[in-house]
Amino acid sequence: MYPARIRTPRLDLLPLRAEYATEMAAVLSDPALHTFTGGAPLTPAALRTRYERLVAGSPDPAVSWLNWVLHLRTEARLAGTVQATVNGSGAEIAWVVGAPWQGRGLASEAARGLVSWLEEQAVPAVVAHIHPDHRASAAVATAAGLTPTDEWQDGEIRWQRATRP
């Protein structure tokens, strides 16, 4: 499975390319973005290396790494990312929006667009793992139709949505 361009009302979700690393390093430069996920902002060179690895794909042929950047059309710039790791049982998704663009509903819009696209690809289920204190990510998951479960993994709550019966 390969990522395709996804269009939402305000965004173009563009399949990841290593060339986006310089702009995305600035988008993702706020250390607060790592409060719940750990780590620190990457330099443009380190992010390019990471993007090259992601674009090359999973070493497991049964797993697809699908990554997009969020292109905000009104500002003609990148504002974040969404991703899906897809295997036979479904997809695990994640998202991040740069600090200057938070609070506008862009993550929710992007996640809804991604989940809709995954449904069109006949992916049977979508899950996300969210830190219990990360209210913004819980709101994004809810907007994308996911609901929390009683399952925990590495200190995060598993959210899920069946995309087809």
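This passage describes the pockets, one buried strand residue and one helix pair of a predicted model. Because the model is predicted, local features need pLDDT of at least 70 and side-chain atom pairs count only at pLDDT 80 or more, whereas totals for chains, interfaces and linings use all residues. Residues are numbered from 1 along each chain as its sequence is written, and side-chain values use heavy atoms, with hydrogens and water left out.

The largest pocket (an open set of points on a 1 Å grid over the protein atoms alone, where a 1.4 Å probe fits, with protein on both sides within 12 Å along at least five of seven lines) has a volume of about 1,300 Å³, taken as the space filled by probe spheres set on the points, which are joined across faces, edges and corners. Its lining, made up of residues with an atom within 4 Å of a point, comprises 50 residues, of which L33, T37, A94, W95 and V96 lie nearest the centre. Two or more lining residues come from each of α2 (44-56), β3 (64-72), β4 (77-87), β5 (90-97), α3, β6 (125-130) and α4, these elements being DSSP runs numbered from the N terminus (helices H or I, at least four residues; strands E, at least two). The largest share, six residues, is supplied by β5. By class, the lining of this largest pocket has 27 nonpolar, 18 polar and five charged residues, where Ala, Val, Leu, Ile, Met, Phe, Trp, Tyr, Cys and Pro count as nonpolar, Asp, Glu, Lys and Arg as charged, and the others, Gly among them, as polar.

The second largest pocket has a volume of about 260 Å³ and is lined by 17 residues, with M1, Y2, V55, G57 and W65 nearest its centre. Elements giving two or more residues to this lining are α2 and β3, and β3 gives the most, with four residues. Twelve nonpolar, four polar and one charged residues make up the lining of the second largest pocket.

T81, placed in strand β4, is buried (under 20% relative accessible area, with a 1.4 Å probe and protein chains only), since its relative accessible area is 13%. Apart from neighbours within four places in sequence, T81 is in contact with M24, Y51, W68, V69, L70, A94, W95 and V96, contact meaning heavy atoms within 4.5 Å.

Helix α3 (residues 106-120) packs against helix α4 (residues 135-143) at an angle of about 40 degrees, with axes 8 Å apart; axes are lines fitted to C-alpha atoms over the stretch in contact, and angles run from 0 to 180 degrees between N-to-C directions. In this packing, A107, S108, A111 and R112 of α3 meet A139, V140 and A143 of α4, a contact with five nonpolar, one polar and one charged residues.

Note on methods:
Buried < 20%, exposed > 50% of the residue type's maximum accessible area, 1.4 Å probe, protein only.
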